[in-house]
Amino acid sequence: MPRKNNDAVYDVAVVGGGPGGYSAALYCVRAGLSTLVLEQLSPGGQMATTTQIDNYPGFDEGIDGMELAERMQRGAERFGAVTAYETVTALELDAMPRRIVTSRGVRQARAVILAPGASPRQLGLPEEDKLRGRGVAYCAACDGMFYRGKTVAVIGGGNSAAADALTLSKLCTRVYLVHRRDKLRAEHSYLQPLEQAENVTFVWNSTPAGFVTENGKLRAVTLTDTGSGQTRELACDGVFVAIGRKPDTEFLPEAIVRDDAGYILADETTRTSVPGVFAVGDARTKPLRQIVTAAADGAVAASCAQAYIASLS
Ligand code: NAP
């Protein structure tokens, strides 16, 4: 698609339409700032891939992640936020207004709020890419239905692995939860339902070493016992990898300083190393990556962006 320049100059461009991005947009428009949200696919980010969210306050019976995402988008658009479905590929931050290069052209804004979120990490095993969508998956809420009535292994011991194992236990005949230690790091609230699910089996002290295929289809995952070093095959139709996230920050210029893992260095003010550029949600350094903390970041960033824009005049 040819690059087009769009003459409109927004007060704020928000990069990413997850909870941090739409919370920022809501607070920006309510403060009178013209606000453009750039989202590559659909609102919600990782939140939209979660079927049941029970830890975002105000929803006493929980809420589907996709629905919460759409509500957050509508909430911001009700006050005038504009969403454009474009992938941001680069930022040019030296001039004012800042130029945001996207898959459809160039957008302009005085301040930028970065809310690009994070993506699932891969195991890095041979054939992992080739098997993606053909036996290897990274999101139970998205792909679990393809394994209805089948046997799956979930890899990981954090909240994602625990939530995925629970989701899959409602669809699959058997779910193995494979963890490299003998204790989950997931929140305590996951433990009891997992232990009570008759079709969930914990496989402790085991790391995946490879995939076994037959006629191009996954047949098993090879596991190495972390104590003895011995390997064995665990027969399964699908492997769900839930071993953490990596921030989607590769498109950022060097001027936006990040830590070794790629997280944007920003403190509770959400200010980054570049004045007028703020970072919210899972892509920034922070002690707890949750929907509620991303949403809180958005409000803070909007307030700081408002002060920054006022300082320009
Ligand atoms: P996480 O908390 O970082 O956990 C990653 C898990 O994968 C850990 O158990 C880790 O083992 C294991 N692991 C890492 N690398 C591995 C490898 N190469 N091979 C095998 N296992 C490996 O990641 P997450 O569960 O994706 O959660 C990410 C963030 O999202 C967290 O802040 C989490 O709280 C949040 N989240 C929250 C919810 C919720 O509240 N309902 C749901 C999903 C995610 P070790 O334990 O040995 O390190």
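**Entry 1: the ligand shell.** I began with the residue classes around the ligand, and the shell has nine polar, seven charged and four nonpolar residues. I kept in mind that this is a predicted model. Next I looked up who lines the site: 20 residues surround the ligand, and the closest are Asn 159, Ser 160, Arg 181, Arg 185 and Tyr 190.

**Entry 2: polar side chains at the ligand.** Which ligand atom does Arg 185 approach with a polar side-chain atom? I found an oxygen atom, 2.7 Å away from that side-chain atom of Arg 185. Asn 55 also has a polar side-chain atom by a ligand oxygen, at 2.8 Å. For Arg 245, I noted 3.5 Å between a polar side-chain atom and an oxygen atom of the ligand. I then checked the cover: on its own the ligand has 910 Å² of accessible area, and the protein covers 77% of this.

**Entry 3: aromatic pairs.** My search of the whole structure turned up three aromatic pairs. I picked out Phe 202 and Trp 204, whose ring planes are at 5 degrees and whose centres are 5.0 Å apart, so I logged the pair as stacked. Are these two residues buried or exposed? Phe 202 is partly exposed, because its relative accessible area is 21% and buried means under 20%. Trp 204 has a relative accessible area of 31%, so I noted Trp 204 as partly exposed too.

**Entry 4: arginines over rings.** I finished with charges over aromatic faces. Arg 289 places its charged end over the ring of Tyr 263, at 3.9 Å from the ring centre. Over the face of Phe 79 I found Arg 30, 4.7 Å from the centre of the ring.

Definitions and conventions
Residues numbered from 1 in each chain as written. Predicted model: local features only at pLDDT ≥ 70, side-chain atom pairs only at ≥ 80, totals over all residues. Heavy atoms only, no water. Near = heavy atom within 4 Å. Polar contact = N/O pair within 3.5 Å; in protein donor to acceptor, adjacent residues only side chain to side chain. Areas by Shrake-Rupley, 256 points an atom, 1.4 Å probe, with all protein chains shown as cover. Nonpolar A, V, L, I, M, F, W, Y, C, P; charged D, E, K, R; others polar. Phe/Tyr/Trp six-rings, centres within 6.5 Å; stacked < 30°, edge-to-face > 60°. Buried < 20%, exposed > 50% of the residue type's maximum accessible area, 1.4 Å probe, protein only. Lys NZ or Arg CZ within 6 Å of the ring centre and 35° of its normal.
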